[in-house]
Amino acid sequence: MLPATFKLCAGISYRHMRNMTGLRKNAMIAIHHELNKLSGPGTSTWINHIRRRSSLLSSPIAEETYSEADQCYVQQGQEALQKSISILKDQDGWQTEIESINGEKVMSKVLPGIGKVFKLEVTLEQQTGDLYDELVDNMEQMGEWNPNVKQVKILQKIGQETMITHEISAETPGNVVGPRDFVNVRHAKRRGSTCFLAGMSTQHPGMPEQKGFVRAENGPTCIVMRPSADDPNKTKFTWLLSLDLKGWIPKTVINRVLSQTQVDFVNHLKDRMASSGGIDAAIAC
């Protein structure tokens, strides 16, 4: 049983062979340090509060609630968040891919060991908490409003912040890029008024490669949502995207598809939130 567990850990991340407790503790310290920088001034009170409570996450009691395999997933989710924050924090070297009249801006740059990553920035009309609820709590409903997604299924939840998902993408128009599927570990956090949804590809015994789909790789990716500095009822929405679609696809096609996918996603999300708001208002009446 133990060798099998170690094999799974190695498939997720080669660094997971080290001492788990120490890794989780170091990861939590690093994440809180980066979140403090990313969230900007004026947040020291809640950051200190989170740091005081974070000791619970690395205590022996907390570790005992997870199996060794689950600890691997938690660690990988924390690592995805930490890497994503580090990438987003570096403002140098980004080149504009798309800048729409609706306010969406997609930028990209090439990173050693990762490849080309894309960053979308836009201000949305909805409050941060409402967007977080839609993207995290209602994650499995995404296929209902995003035509680029056929299905999102939660395979496993680990605690309050980590989950394993299986996602199937729709083929692009003209079948330029055929259907792909992904198995991802996702790590969701609320820190004060800022919300994070990070993720990267993993392996899960309940979802081997599927016939008819190319198993693509994802990550590190992260959506960061925080109230707009100009209007706290609006949200500054930042999405870091890193994908390896696999297969024989020209890079020019991949770059065009991924940047446009980000813009399309935001527009579909706007429509979803607008329709949800109308339904909620009707119920309230």
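**Exercise 1. Is Asp-244 buried, partly exposed or exposed?**

Solution. The model is predicted: local features require pLDDT of at least 70 and side-chain atom pairs pLDDT 80 or more, whereas totals for chains, interfaces and linings use all residues. Residues are numbered from 1 along each chain as its sequence is written, and side-chain values use heavy atoms, with hydrogens and water left out.

Step 1. Apply the classes: buried is under 20% relative accessible area, exposed is over 50%, and partly exposed lies in between, with a 1.4 Å probe and protein chains only.

Step 2. Asp-244 has a relative accessibility of 35%, so Asp-244 counts as partly exposed.

Step 3. Consider its salt-bridge partner, where a salt bridge is a side-chain nitrogen of Lys or Arg within 4 Å of a carboxyl oxygen of Asp or Glu. Asp-244 forms such a bridge with Lys-246, the closest N and O atoms being 3.3 Å apart. Lys-246, at 31% relative accessibility, is likewise partly exposed.

Step 4. Elsewhere, Glu-161, Lys-189 and Arg-191 are joined into one network by salt bridges that share partners.

**Exercise 2. Determine how many salt bridges the structure holds, and place two of them in the chain.**

Solution. Step 1. The count is 14 salt bridges.

Step 2. Lys-270 and Glu-104 meet through their side chains at 3.0 Å, N to O. Lys-270 belongs to helix α8 and Glu-104 to the loop between β1 (95-99) and β2 (105-111), so that the pair links parts of the chain 166 residues apart. Helices (H or I, at least four residues) and strands (E, at least two) are DSSP runs numbered from the N terminus.

Step 3. Compare the burial of the partners. Lys-270 is partly exposed at 24% relative accessible area, whereas Glu-104 is buried at 1%.

Step 4. In a second bridge, the closest N and O atoms of Arg-215 and Asp-181 are 2.9 Å apart. Because Arg-215 lies in strand β8 (residues 214-215) and Asp-181 in strand β6 (residues 180-191), this pair ties together parts 34 residues apart in sequence. Arg-215 is buried, with a relative accessible area of 17%, and Asp-181 is buried at 0%.

**Exercise 3. Identify which residues form one aromatic cluster, and describe the geometry of its pairs.**

Solution. Step 1. Rings of Phe, Tyr and Trp (its six-membered ring) pair if their centres lie within 6.5 Å; planes under 30 degrees apart are stacked, over 60 edge-to-face, and the rest tilted. This rule yields 2 aromatic pairs.

Step 2. Trp-145 and Phe-265 have ring centres 5.7 Å apart and planes at 50°, so the pair is tilted. Trp-145 is in helix α7 (residues 142-145) and Phe-265 in helix α8 (residues 251-284), a separation of 120 residues.

Step 3. Trp-239 and Phe-265 have ring centres 5.0 Å apart and planes at 55°, so this pair is tilted too. Since Trp-239 lies in strand β11 (residues 235-241) and Phe-265 in α8, the pair ties together parts 26 residues apart in sequence.

Step 4. Trp-145, Trp-239 and Phe-265 therefore form one aromatic cluster. Each member is buried: Trp-145 at 11% relative accessible area, Phe-265 at 6% and Trp-239 at 12%.

**Exercise 4. Which residues touch the most other members of the largest nonpolar core?**

Solution. Step 1. A nonpolar core is a set of buried Ala, Val, Leu, Ile, Met, Phe, Trp, Tyr and Cys residues joined through side-chain atoms within 4.5 Å.

Step 2. The largest core has 38 residues, of which Leu-120, Leu-135, Met-225, Phe-237, Phe-265 and Leu-269 touch the most other members. Helix α8 gives the most to this core, with 9 residues.

Step 3. Take Leu-135, with contact meaning heavy atoms within 4.5 Å. Leaving aside residues up to four places away in sequence, the residues touched by Leu-135 include Trp-145, Met-225, Phe-237 and Phe-265.

Step 4. Another core, of 22 residues, lies apart from the largest one; among its members are Val-74, Ile-87, Val-185 and Phe-196.

**Exercise 5. Compare the span of helix α5 with the expected value, and state how enclosed the helix is.**

Solution. Step 1. The expected span is 1.5 Å times one less than the number of residues. Helix α5 (residues 68-89) has 22 residues and reaches 32 Å from its first C-alpha to its last, close to the expected 32 Å.

Step 2. Of these 22 residues, 17 are buried, so α5 is largely enclosed by the rest of the structure.

Step 3. For the chain as a whole, 49% of the 285 residues are buried.
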